[in-house]
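Biologist: Could you take me on a close look at one part of this model, the side-chain pairs that link pieces of the chain far apart in sequence? I would love one connected answer, with the cut-offs spelled out.

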Amino acid sequence: MPVLDRYILFSFLRTFISFFLILMLIFVVQTVWVFIDEFAGKGLDITVLLRFLLYYSPKLIPLVLPLTVLLASIMTYGSLAEHYEFAALKSAGVSLTRSMRSLFVVCILISGIAFYVANTVVPYAEFKTYNLRKNLAKIKPALAISEGVFNDLGKINIKVEEKYGRNDRFMTDVIIHQKTADLRNTIVVKSEDGELKNADFSDGIQLVLTNGNRYEELKTKRASRLKKRYPHSRVSFGTYTMNIDLRDFNNVDLDETKYTNTYKMQNIERLSFSIDSLENIFSNEKESYAKTTYVRTGVKSIHNNYENEIWDYKGIDNVLSNYKTYSLLSIIRQVESKLNTLESNLNNQKKKFFFKTKIINLHKIWYYDKFVIAFSVMLMFLIGAPLGALIRKGGFGLPMVLALLIFLSYHFGATFFKNTAENGSISPLIGTTSPTIVLFMVSLMMIKRAREDKGMFGFSNFTSKLIKFWRAFIRQAISAKRIFAKN
């Protein structure tokens, strides 16, 4: 290896390793603060926290690697330009692209590592992290109850509007579906407020409800069922106490892994298979819904009965004139009922189709993102090297600021486009690649300017053109003023 390549390579790797470890430590500490509520107050051993951080750390690597490459490349080439080493290289006939050759090979290797981590390590880490968090939520019942959705708690299914107070023990707008031995939902309890209390017996907890009603569907005789009569009882209460068995919560196996089907747990091969399967199922559901709607409209029966007959359309008035008023009202009510039913079914199916489309888009975004992560490492190097040569500044000051601004802009832009693609507004491929393509064009422009020894943004040319435009505008304004004055 030539001395020049070895010198630049060692300078880059020394900065890269140092900042990679520092940034990983910062992101790990930030992770602890994000998930502190899931660990605090549960009496967990320190090994559980360390295991969680070990599982979560690989998910930070695709985020830390591009930022580290960008920062290391800016500082390496900024230091070379600041100490006039880059000028000496140019005087010896070594161009910017030639000096980037050794680091280009290294960044290709780092991109391969980033792709392997995103495709293999991250799905496994997501699998372990997701299951560990689900198991930790079972250790404390109050944390297993999420606001606004139904949650399984022992042998009941509970939904609360809001939790508050110490350890989230107080709840408002409580709805409970109680499970019975025959697996039928026959008991529903609704109350304005609720409170979780420690029970007098072991392996249990008390749920005290206030100001509510208890509804129970009663078993009916055969004759009543044939008449479609379903009686029920309603009991109003001021205070109602429920004892909840929590033996399943107290016997939690943190190593249990029964959640295996989320898209973040899949590599590109499994994602490709899942996308094909979901699209085929979605296509069949749309075709089935179209056929069902066609039958419900009654058009199919008309086609079958009058397929070989030709009718001249003479207007709707000629048809309705043969009916009496009460018959017309009945027809109108039937048509209105049919249209309302079709509209309601269409709106419900629209929501289902939107949700299924969103699931497919999430799989596609996660699929394309694995390739984008690998290329982003190379992209950050192609930006950082010429940028460092242009700013001619090493150290921790300006390079750190520029690296954070570029990376945050790229990260937030990518997040925005992914969210847009998730809702189906744009293609998932465009949503994942658009920020990368824009930044790649910027990197080519910066490499060109660095090779030609131009300024970073060419402010002198911009200001000179602006001054010329302003002078021309003033001259035209003065001429127009003189013309209007003469007239």
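Modeller: Happy to; here is a walk through the aromatic pairs and then the salt bridges. This is a predicted model, so local features need pLDDT of at least 70 and side-chain atom pairs count only at pLDDT 80 or more, while totals for chains, interfaces and linings use all residues. Residues are numbered from 1 along each chain as its sequence is written, and side-chain values use heavy atoms, leaving out hydrogens and water.

For the setting, the protein chain has 17 helices and 7 strands (DSSP runs numbered from the N terminus, helices being H or I with at least four residues and strands E with at least two). Of its 487 residues, 36% count as buried; buried means under 20% relative accessible area, exposed over 50%, and partly exposed in between, with a 1.4 Å probe and protein chains only. Among contacts between residues at least 6 apart in sequence, 70% join residues at least 24 apart (a contact means heavy atoms within 4.5 Å).

Now to the rings. The whole structure holds 14 aromatic pairs, where rings of Phe, Tyr and Trp (its six-membered ring) pair if their centres lie within 6.5 Å; planes under 30 degrees apart count as stacked, over 60 as edge-to-face and the rest as tilted. Phenylalanine 115 and phenylalanine 371 make a tilted pair, because their centres are 5.4 Å apart and their planes stand at 35°. Since phenylalanine 115 sits in helix H7 (residues 101-137) and phenylalanine 371 in helix H14 (residues 325-391), this pair ties together parts 256 residues apart in sequence. Phenylalanine 115 is partly exposed at 23% relative accessibility, and phenylalanine 371 is partly exposed at 39%. One aromatic cluster brings together Phe115, Tyr367, Tyr368 and Phe371.

Helices H7 and H14 come back among the charged pairs. A search finds 7 salt bridges, each a side-chain nitrogen of Lys or Arg within 4 Å of a carboxyl oxygen of Asp or Glu. In one of them, glutamate 126 meets lysine 59 at 2.7 Å, N to O. That pair links helix H7, home of glutamate 126, with the loop between helix H3 (46-56) and helix H4 (61-82), where lysine 59 lies 67 residues away. Glutamate 126 is buried at 11% relative accessibility, whereas lysine 59 is partly exposed at 24%.

From helix H14, lysine 364 forms a salt bridge with glutamate 279, again 2.7 Å from N to O. Glutamate 279 belongs to helix H11 (residues 268-296), so this bridge joins parts 85 residues apart in sequence. Glutamate 279 is partly exposed, with a relative accessible area of 30%.
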